[in-house]
Amino acid sequence: MTIYALATCSTSARWLRGLAMLVLMGVVGQAQALDVVNVTATTGAANEQGSVPGRFTVTRSGSTGNLTVPFTVSGSAVTGIPNNYTSSEFTGTGGTISFIQGEIAKTISITPVDDAVIEGKQIVAITLTPETSFPSTYILGANSTAQI
């Protein structure tokens, strides 16, 4: 199809289209593969008695360059009032996790708050957010959500 398109236009247009294709192939050829980002629950549960934290591990498939991945937090446990969990990695209902060059895994810890209220089983889930900027630096893998 490219050959046909070049054959049906003027000499200068063919030259410009050919140059544009070479530039595009050069740019695409130089681009690095996108990191694939996943999250898993490293611990299956967190325990309010004794403040045993739940941990999530976020991984990336590559280690070149810095990478920041936003995430949201949801579930039946909430932060705020009543405060059912705390975390030093984020505040509110989300945050970002940042990798520096060479890092391939980071941990997010969520610690249940030991209070007088007996809540029973509660769930906290982390969902990685798809990238919206261009050019993209990552894509979501098969495990973009995990819960404890």
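**Strands, neighbours and a pocket in a predicted model**

Val37 is found in strand E1, and this residue makes a good starting point for a walk through the structure. The model is a predicted one, and every value below was computed from it. Strand E1 covers residues 35-41. Val37 itself is hidden from the surroundings: with a relative accessible area of 0%, the residue counts as buried, because the cut-off for that class is under 20%. Its surroundings can be listed by name. Leaving aside neighbours within four places in sequence, Val37 is in contact with Val58, Thr59, Leu67, Val69, Leu128, Tyr138, Ile139, Leu140 and Gly141. Gly62 offers a sense of scale here, as Val37 and Gly62 lie 25 residues apart in sequence and 9.2 Å apart in space, C-alpha to C-alpha.

Some of these neighbours belong to strands that pair with E1. Strands of a sheet pair through backbone hydrogen bonds, and they may do so in a parallel or an antiparallel way. Strand E1 shows both. With E8, strand E1 pairs in the parallel sense over three bridges, and Leu140 in E8 is the bridge partner of Val37. With E2, strand E1 pairs in the antiparallel sense over five bridges. Here Val39 has Val58 in E2 as its bridge partner, and Val58 is also among the contacts of Val37.

How do these pairs fit into a wider sheet, and what is the order of its strands? The sheet is open, has five strands, and runs in the order E4-E6-E2-E1-E8 with mixed pairing. Its edges are formed by strand E4 (85-86) and strand E8 (138-140), each of which pairs on one side only.

Strand E2 (residues 54-60) is also the place of Arg55. Is Arg55 buried or partly exposed? Its relative accessible area is 35%, so Arg55 is partly exposed. Beyond its neighbours within four places in sequence, Arg55 is in contact with Thr40, Ala41, Thr42, Thr43, Thr107, Ile108, Ser109 and Ile148. One of these, Ala41, is 14 residues from Arg55 in sequence, and the two C-alpha atoms are 6.1 Å apart in space.

A further set of pairings centres on strand E7 (residues 124-128). Four of its five residues are buried, so strand E7 is largely enclosed by the rest of the structure. Strand E3 (residues 67-75) is joined to E7 by five bridges, and the two run antiparallel. Strand E9 (residues 145-147) also pairs with E7 in the antiparallel sense, over three bridges. Thr127 appears in both pairings: in E7 it is the bridge partner of Thr72, and Thr127 also stands opposite Thr145 in E9.

Ser74 is found in strand E3. This residue is partly exposed, because its relative accessible area of 39% falls between the cut-offs of 20% and 50%. Not counting residues up to four places away in sequence, Ser74 touches Ile123, Val124 and Ala125. Thr93 is 19 residues from Ser74 along the chain, and their C-alpha atoms are separated by 6.9 Å.

Attention can now turn to the surface and its openings. The largest pocket has a volume of about 400 Å³. Its lining is made up of 21 residues, and those that lie nearest the centre are Ala46, Glu48, Pro112, Gly120 and Gln122. Which strand gives the most to this lining? That strand is E6 (residues 105-112), with three residues. Sorted by class, the lining has ten nonpolar, seven polar and four charged residues.

Finally, the protein can be viewed as a whole. Its secondary structure comes to two helices and nine strands. Read from the N terminus on, the order of elements is α-α-β-β-β-β-β-β-β-β-β. Of its 148 residues, 27% count as buried, and Val37 is one buried residue. The accessible surface comes to about 9200 Å², with 61% of that belonging to carbon and sulfur atoms. Contacts also link distant parts of the chain: among those between residues at least 6 apart in sequence, 67% join residues at least 24 apart.

Definitions and conventions:
Residues numbered from 1 in each chain as written. Predicted model: local features only at pLDDT ≥ 70, side-chain atom pairs only at ≥ 80, totals over all residues. Heavy atoms only, no water. 1 Å grid on protein atoms, 1.4 Å probe; cavity = no way out; pocket = protein on both sides within 12 Å on 5 of 7 lines; lining within 4 Å. Points joined across faces, edges and corners; volume = space filled by probe spheres on them. Nonpolar A, V, L, I, M, F, W, Y, C, P; charged D, E, K, R; others polar. Pairing = 2+ DSSP bridges. Buried < 20%, exposed > 50% of the residue type's maximum accessible area, 1.4 Å probe, protein only. Contact = heavy atoms within 4.5 Å. Areas by Shrake-Rupley, 256 points an atom, 1.4 Å probe, with all protein chains shown as cover.
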